[in-house]
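Q: I'm new to this structure and would like a close look at one part of it. Could you pick a spot, stay with it for a while, and then show me what else is worth following by eye?

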Amino acid sequence: SSSSNSSTKVVVKRRQDSVALCYGDDKQELRALHFGKLAALFEKHNPTASEAERDTAIFCLLRRYNTLFGPSALESAAMHAALPEFAFRLLRDEMQVCQENYASPLNCFFAHFNSAFFDTDCWFGSQGSFADFCPLEGSFETGPPYTEEAMEAMAKHLEVLLVASARPLSFVVFVPDWRKPLTPAQAIMEKSRFLRDDMVFPGRRHAYVVGHQHRANDDSADQRYFELPFDTHAYVLQNDAGNKRYPCKDVLAKLRDVLEGSVNLGRHHRQ
């Protein structure tokens with residue numbers, strides 16, 4: 001019947017600043033800006049797909065991540081925070097960074113990234129989990145979830161990758177500077193023969209993009225950014241060929257200046 005057909009189709013309802021995608025009684029909402037971003041990513045990676053397929057993919061993506069985050073926007077979205085876009089631009093321009101190793105279609109800067117859920121995210125450019133990602137060359141940004149287990153697994157995987165490849169390979173890593181006691185991930189990176197540079201960005205002096213940016217009410221800075229309460233430690237890990245192709249001299253100092261300039265953006269939104 002027509003009623004049963006309509007109940008199995010994702011219906012898109014657009015408002016001025018937001019978009020709702022409805023599947024039966026299940027409604028998933030996001031900001032219009034992020035709907036446009038997801039639509040553009042989907043169309044880039046699936047040029048022959050239909051709008052109905054696009055809308056279904058976006059609905060499934062939102063259902064997955066909103067289930068992960070929980071009903072409150074702040075419940076677990078902190079693990080979904082990201083570097084500000086101007087920091088990514090600097091890494092792209094200075095070191096040819098072209099992919100994030102920990103992201104999602106909702107918060108990615110680049111068109112290619114690694115993410116937790118390949119089944120829902122592949123339609124938007126995900127290359128799958130970083131744990132299963134084995135590049136032989138390239139320049140990457142690596143910002144894992146801030147849990148000791150995830151960070152340690154990341155550090156061990158980076159060592160394996162850098163040992164295995166003679167081609168140019170480079171990673172710029174961002175983790176919290178937890179030193180009492182020192183985290184296993186930091187201990188691994190600080191002893192690594194691939195460490196080329198590192199720098200601490202002091203807490204309360206730099207901002208990140210909020211993890212629930214797709215749910216935010218507007219584009220105002222105090223909604224989009226938040227001031228980090230703790231120090232962030234950045235590491236550049238490269239093999240010899242990577243250091244030659246992607247020189248990192250002074251990049252972290254430039255990045256520190258850019259991030260410190262962002263602190264006022266997140267001053268009214270602390271976590």
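A: Let's start with Asp250, which counts as partly exposed in this predicted model, at 44% relative accessibility. Partly exposed is the label because 44% falls between the 20% under which a residue is buried and the 50% over which it is exposed. You'll find Asp250 in the loop between α9 (240-245) and α10. Its backbone is worth a glance too: phi is positive, about 70°, although Asp250 is not a glycine.

From that loop, move on to helix α10, which covers residues 251-260. Its partner here is helix α4, residues 85-95, and the two axes come within 10 Å of each other. They cross at roughly 160°. Angles over 145 degrees count as roughly antiparallel, so α4 is roughly antiparallel to α10. As for the hand of the crossing, α4 passes α10 in a right-handed one.

Which residues do the touching? On the α4 side they are Phe86, Ala87, Leu90, Leu91, Glu94 and Met95, and on the α10 side Val251, Lys254, Leu255, Val258 and Leu259. Sorted by kind, the residues of this contact come out as nine nonpolar and two charged, with no polar ones. If you wonder about the spacing of such numbers, an α-helix has 3.6 residues a turn, so residues three or four places apart point the same way.

Just past α4 there's another residue to look at, Gln96, in the loop between α4 and β4 (99-100). Gln96 has a positive phi as well, near 60°, and is not a glycine. At 49% relative accessibility, Gln96 counts as partly exposed, because the exposed label needs over 50%. So α4 is followed by a loop that holds Gln96, while the loop between α9 and α10 holds Asp250.

Now for a second helix pair to set beside that one. Helix α2 (residues 32-45) and helix α3 (residues 51-69) have axes that come within 10 Å and cross at roughly 120°. That angle makes α2 oblique to α3. The crossing of these two helices is right-handed. Phe35, Leu38, Ala39, Phe42 and Glu43 from α2 meet Glu53, Arg54, Asp55, Ala57, Ile58 and Leu61 from α3. In this contact, seven residues are nonpolar, four are charged and none is polar.

Two of those α2 residues lead straight to a strand. Leu30, in strand β3 (residues 26-31), is in contact with Phe35 and Leu38, and also with Ser18, Val19, Leu21, Leu62 and His214, leaving aside its neighbours within four places in sequence. Leu30 is buried, with a relative accessible area of 3%. His214 is the long-range partner to trace: Leu30 and His214 are 184 residues apart along the chain, yet 5.6 Å separates their C-alpha atoms.

Next, turn to helix α7, residues 184-191, where Ala185, Gln186 and Met189 are buried. Why do they line one face of the helix? Looking down the axis of α7, you'd see these buried residues fall within an arc of 95°, so they share one face. Among the elements covering them are α6 (148-164), β6 (169-176), β7 (195-201) and β10 (232-238). In the loop between β6 and α7 sits Pro181, and the peptide bond joining Lys180 to Pro181 is cis, with omega about 0°.

One more loop residue is worth a stop: Tyr146, between β5 (138-142) and α6. Tyr146 is partly exposed, at 25% relative accessible area. Leaving aside neighbours within four places in sequence, its contacts are Met151, Phe174, Val175, Pro176, Trp178, Tyr208 and Phe230. Take Pro176, for example: it is 30 residues from Tyr146 in sequence, and their C-alpha atoms are 7.0 Å apart in space.

To finish, zoom out. The whole protein has ten helices and ten strands, and 48% of its 271 residues count as buried. Of the contacts with a separation of 6 or more, 69% are between residues 24 or more positions apart. The pair Leu30 and His214, 184 residues apart along the chain, is a good place to see that long reach for yourself.

Methods. Residues are numbered from 1 along each chain as its sequence is written. This is a predicted model: local features need pLDDT of at least 70, side-chain atom pairs count only at pLDDT 80 or more; totals for chains, interfaces and linings use all residues. Side-chain values use heavy atoms; hydrogens and water are left out. Axes are lines fitted to C-alpha atoms, for helices over the stretch in contact, and angles run from 0 to 180 degrees between N-to-C directions. Helices (H or I, at least four residues) and strands (E, at least two) are DSSP runs, numbered from the N terminus. Angles under 35 degrees count as roughly parallel, over 145 as roughly antiparallel, 65 to 115 as roughly perpendicular and the rest as oblique. A crossing is left-handed if the near helix is turned anticlockwise from the far one by less than a right angle, and right-handed if clockwise. Contact means heavy atoms within 4.5 Å. Ala, Val, Leu, Ile, Met, Phe, Trp, Tyr, Cys and Pro count as nonpolar, Asp, Glu, Lys and Arg as charged, and the others, Gly among them, as polar. Buried means under 20% relative accessible area, exposed over 50%, partly exposed in between (1.4 Å probe, protein chains only). The arc is that of the directions from the helix axis to the C-beta atoms.
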